Amino acid sequence: MKEKKRKVLVAPSILSADFSRLKEEIVDVEKGGCDLIHVDVMDGQFVPNLTIGPCVVQSIRKTTKLPLDVHLMIVEPMRYLREFRDAGSDWITVHVEATKDLRKTISLAKKTGAKVGLSVRPRTPVSRLYPYLKDVDLVLIMTVEPGFGGQSFMEPMIEKVRDLRPRFSGLISVDGGINPETAKIAKEAGADIMVAGSSIFKEKDRKKMIHLLRK
Ligand code: DX5
Ligand code: ZN
């Protein structure tokens, strides 16, 4: 059977942007042809770092028409789903490890009207996702330990993408250590969305880098 060609989407992670010029940074990657803006939300508990909350998402919302792909690295995300949605999140991804009631979390996330994603950190087996695949739009495979930008890609995580691809018709995203070389490996395994922070924002020519990540 002929394999359907999947379109590769590029999602710059603003974690590596210059926060003092956040609007210009977002405008720059939008002009560079990216597809989504990836927003990393961290609570200092689920991961040892703190980033931004709904009011910053609300400000980001005003800077772009692109979908906001909000990655919640927070404990019991159901407490904040409504706020993040009202702030303008289009996609909301939660971690399977972050909640005691994943079914309820997914159901509440869907009720907000957002597209819903599930993520696994490196040490979590991909089989944890199986019971929920038919209920979500996106799966985000962490290819670094969540918490910080600029870490090295963990290639063994690509096995999770390979495992999921024939089981899941939604979008598969990879996040962490993505550069043109690792993006190629992820695409070949069946990933649709390349989340990339440092490789895009450290580069002067964002358009060129976005093109290389998509190619
Ligand atoms: C890490 C975040 C990533 C991070 C990726 O916890 O989820 O989105 O910004 O950064 P790079 O691309 O630099 O590895
Ligand atoms: Zn992320």
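**Group meeting: the zinc site and ligand 1**

Okay, let's start inside the pocket: a polar backbone atom of glycine 177 sits 2.8 Å from an oxygen atom of ligand 1. Keep in mind that this is a predicted model. Two serines show up in the same way. Serine 13 puts a polar side-chain atom 2.7 Å from an oxygen atom of ligand 1, and for serine 198 an N or O atom of the side chain is 2.5 Å from an oxygen of that ligand. As for cover, ligand 1 on its own has 380 Å² of accessible area, and the protein covers 100% of that.

So who is standing around ligand 1? The shell holds 20 residues, and the closest are Asp40, Gly147, Asp175, Gly197 and Ser198. By type, the shell splits into ten polar, eight nonpolar and two charged residues. If you'd rather think in strands, β2 (37-42), β3 (68-73) and β8 (193-196) each bring at least two residues to it. β2 gives the most, with three.

Now the metal. Which residues coordinate the zinc ion, ligand 2? They are His38 through NE2, Asp40 through OD, His71 through ND1 and Asp175 through OD, at 2.1 to 2.3 Å. You'll have noticed Asp40 and Asp175 in there, and both are also among the closest residues to ligand 1. Along the chain, the zinc donors follow the spacing H-x1-D-x30-H-x103-D.

On geometry, there are six donor atoms with angles of 70 to 169 degrees among them, and the zinc site comes out as octahedral. For reference, ideal angles for six octahedral donors are 90 or 180 degrees. And are the first two zinc ligands in the sequence spacing buried or exposed? Histidine 38 has a relative accessible area of 0%, so it is buried. Aspartate 40 is at 6%, so it is buried as well.

Let me leave the pocket and go to aspartate 35, in the loop between α1 (22-31) and β2. Aspartate 35 counts as buried because its relative accessible area is 16%, and the cut-off is under 20%. Its side chain has a polar contact of 2.7 Å with the side chain of arginine 214, plus one of 3.4 Å with that of lysine 7.

Leucine 9 is in strand β1, residues 9-12, and is also buried, at 16%. If you want a distance to check, leucine 9 and leucine 72 are 63 residues apart in sequence and 20 Å apart C-alpha to C-alpha.

Cysteine 55 is another story. This residue belongs to helix α2, residues 54-61, and its relative accessibility is 56%, so it counts as exposed. Cysteine 55 and alanine 87 are 32 residues apart in sequence, with their C-alphas 6.8 Å apart in space.

One last backbone item, for the torsion people. Glutamate 76 has a phi near 45 degrees, which is positive in a residue other than glycine. Most residues other than glycine have a negative phi. Where is glutamate 76? In the loop between β3 and α3 (81-86). With 19% relative accessibility, glutamate 76 counts as buried, since the cut-off is under 20%.

That's my tour, over to you.

Conventions
Residues numbered from 1 in each chain as written. Chains lettered and ligands numbered in written order. Predicted model: local features only at pLDDT ≥ 70, side-chain atom pairs only at ≥ 80, totals over all residues. Heavy atoms only, no water. Donors = N, O, S within 2.8 Å, 3.2 Å for Na, K, Ca; no water. Tetrahedral: all angles 85-135°; square planar, octahedral: opposite > 155°, others 65-115°. Buried < 20%, exposed > 50% of the residue type's maximum accessible area, 1.4 Å probe, protein only. Near = heavy atom within 4 Å. Polar contact = N/O pair within 3.5 Å; in protein donor to acceptor, adjacent residues only side chain to side chain. Areas by Shrake-Rupley, 256 points an atom, 1.4 Å probe, with all protein chains shown as cover. Helix = DSSP H or I, 4+ residues; strand = E, 2+ residues; numbered from the N terminus. Nonpolar A, V, L, I, M, F, W, Y, C, P; charged D, E, K, R; others polar.
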